[in-house]
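Reader: I would like a close look at a single part of this model, with the cut-offs behind each term. Please keep it plain.

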Amino acid sequence: MGELRGLSGIKKKAIDAVFIENEKEIEEILLSGKGATTAGENGAINIWMDDDKFIRCELNIYMRTMDSKKYKTFKEAQGWVKKMLVRINK
């Protein structure tokens, strides 16, 4: 298991990260206090829950944040994750 560091909206310096294969996995992972991450040939995505209980999602390409979203519901976040999984794995 890896770690996600320097995340927006949380006081902790790092949280454990679990590698995911699909959007359906994120709810259980985030509710356990961990973050979710995955990577493909065209980038990487990180998902975590901030201290205010918003679900944060980021797409990174060549170590630069290309898209960043903040959601209230898992359904919204899962929709974003599903789209980004296609984008990073083209």
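Author: What follows describes one helix and then some residues in the strands and loops.

The model is predicted, so local features need pLDDT of at least 70 and side-chain atom pairs count only at pLDDT 80 or more, while totals for chains, interfaces and linings use all residues. Residues are numbered from 1 along each chain as its sequence is written, and side-chain values use heavy atoms, with hydrogens and water left out.

Helices (H or I, at least four residues) and strands (E, at least two) are DSSP runs, numbered from the N terminus. Helix 2 covers residues 74–88, and at 1.5 Å a residue its 15 residues should span 21 Å; the end C-alpha atoms are 20 Å apart, which agrees. The expected span is 1.5 Å times one less than the number of residues.

Buried means under 20% relative accessible area, exposed over 50%, and partly exposed in between (1.4 Å probe, protein chains only). The buried residues of helix 2 are Phe74, Ala77, Gln78, Trp80, Val81, Met84, Leu85 and Ile88. Seen down the helix axis, these buried residues fall within an arc of 160°, so they line one face of helix 2. The arc is that of the directions from the helix axis to the C-beta atoms. Lys75, Lys82, Lys83 and Val86 are exposed on the other side of helix 2. The packing partners of the buried residues are helix 1 (26–31), strand 3 (35–40), strand 4 (43–49), strand 5 (55–61) and strand 6 (64–71), where contact means heavy atoms within 4.5 Å.

Strand 4 holds alanine 44, which is partly exposed at 21% relative accessibility. Not counting residues up to four places away in sequence, alanine 44 touches Thr38, Ala39, Glu58, Leu59, Asn60 and, in helix 2, Ile88.

Asparagine 46 is also in strand 4, and at 14% relative accessibility it counts as buried. The side chains of asparagine 46 and threonine 37 are joined by a polar contact of 2.6 Å. A polar contact is a pair of N or O atoms within 3.5 Å; within protein, one must be able to donate a hydrogen and the other to accept it, and residues adjacent in sequence count only if both atoms are side-chain atoms.

Tyrosine 62, in the loop between strand 5 and strand 6, is exposed with a relative accessible area of 78%. Tyrosine 62 has a positive phi of about 50° although it is not a glycine.
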